[in-house]
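Biologist: Before we use any labels, could we take them one at a time and ask what each of them rests on?

Modeller: Gladly; here is the model we will be talking about.

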Amino acid sequence: MSLTVPPALLDAAERGPVDDAEFVACVRDSLPYAFETVRRVVTELEATGADHADDAVPPPTEAERGQLLRALASDAIRGGLERHFNVRLAFQNCHRVAAFRPAAVDSAAYRAFVSARGQLLNQSPELRNC
């Protein structure tokens, strides 16, 4: 299961649309490693003024790796994080997370990161089974 949903939030979802802040709080509480990784990348992005920042440090355990996979493979979770942090997230392998400023989404750096070439160049034997 990706998220541990509090009963009140589940009740709200059964009645209609859910507030983005409540959804992101659920993500933060359910997938703390993934949330913290994204937050850390966004903090670096804001501190540097660059068009993007990324984190290529492998997660310490498979549980943390699973959190990243669940968070970034879900359109709803990824979208919620992108709206919350006002960035566009990109993902390679099973742990390399990048945050791009919205204005940089059509940049050469973004296109290179999300390209097949970028994915292939970011491969190594130790990452094949991650």
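**Labels and their grounds**

Modeller: Let us begin in the sheet, where Arg 88 stands opposite Phe 100 in β3. Please keep in mind throughout that this is a predicted model.

Biologist: What makes β2 and β3 a pair of strands?

Modeller: Two strands pair if DSSP finds at least two bridges between them, and β2 and β3 are joined in the antiparallel sense over 5 bridges, so they count as paired. The open sheet has 3 strands in the order β1-β3-β2, with antiparallel pairing, and its twist averages 20 degrees from one strand to the next.

Biologist: Why are β1 and β2 called edge strands?

Modeller: Each of them, β1 (52-55) and β2, pairs on one side only.

Biologist: Which helices lie across this sheet?

Modeller: Helix α3 lies across β1, β2 and β3 and runs at about 145 degrees to β1, while α4 lies across β2 and β3, running at about 130 degrees to β2.

Biologist: How do you know that Phe 100 is buried?

Modeller: Buried means under 20% relative accessible area, and Phe 100 has a value of 0%, so the word applies to Phe 100. Tyr 110, with a relative accessible area of 11%, is buried by the same cut-off.

Biologist: Why is the pair of Phe 100 and Tyr 110 called edge-to-face?

Modeller: A pair of aromatic rings is described by the distance of the centres and the angle of the planes. The centres of Phe 100 and Tyr 110 are 5.0 Å apart and the planes stand at 90 degrees; since centres within 6.5 Å make a pair and planes over 60 degrees apart count as edge-to-face, the label follows. Phe 100 lies in strand β3 and Tyr 110 in helix α6 (residues 108-113), so the pair ties together parts that are 10 residues apart in sequence. Ring pairs link Phe 100 and Tyr 110 with Phe 113 into a cluster.

Biologist: What makes the pair of Phe 35 and Phe 85 tilted instead?

Modeller: Their centres are 5.5 Å apart, and the angle between the planes is 45 degrees, which is neither under 30 nor over 60, so the pair falls into the tilted class. Phe 35 lies in helix α3 and Phe 85 in helix α5, so this pair ties together parts that are 50 residues apart in sequence. Both rings belong to buried residues, because the relative accessible area is 11% for Phe 35 and 15% for Phe 85.

Biologist: Which other residues of α5 are buried, and what do they pack against?

Modeller: In α5 (residues 75-85) the buried residues include Ile 77, Gly 79, Gly 80, Leu 81 and Glu 82, and the buried residues of this helix pack against α2 (20-30), α3 (32-48), α4 (62-73) and β2 (88-92). Just after α5, Asn 86 takes a positive phi of about 55 degrees.

Biologist: Which residues have the most contacts inside the largest nonpolar core?

Modeller: Ile 77 and Leu 81 have the most, in a core of 25 residues. Helices α2, α3, α4 and α5 and strand β3 (96-100) each supply at least two residues of this core, and the largest share, 7 residues, comes from α3. Among the residues that Ile 77 touches are Phe 23, Val 27 and Leu 31.

How values were computed: Residues numbered from 1 in each chain as written. Predicted model: local features only at pLDDT ≥ 70, side-chain atom pairs only at ≥ 80, totals over all residues. Heavy atoms only, no water. Buried < 20%, exposed > 50% of the residue type's maximum accessible area, 1.4 Å probe, protein only. Helix = DSSP H or I, 4+ residues; strand = E, 2+ residues; numbered from the N terminus. Contact = heavy atoms within 4.5 Å. Core = buried A, V, L, I, M, F, W, Y, C linked by side-chain atoms within 4.5 Å. Phe/Tyr/Trp six-rings, centres within 6.5 Å; stacked < 30°, edge-to-face > 60°. Axes fitted to C-alpha atoms, helices over the stretch in contact; angles between N-to-C directions. Lists of a residue's contacts leave out its neighbours within four places in sequence.
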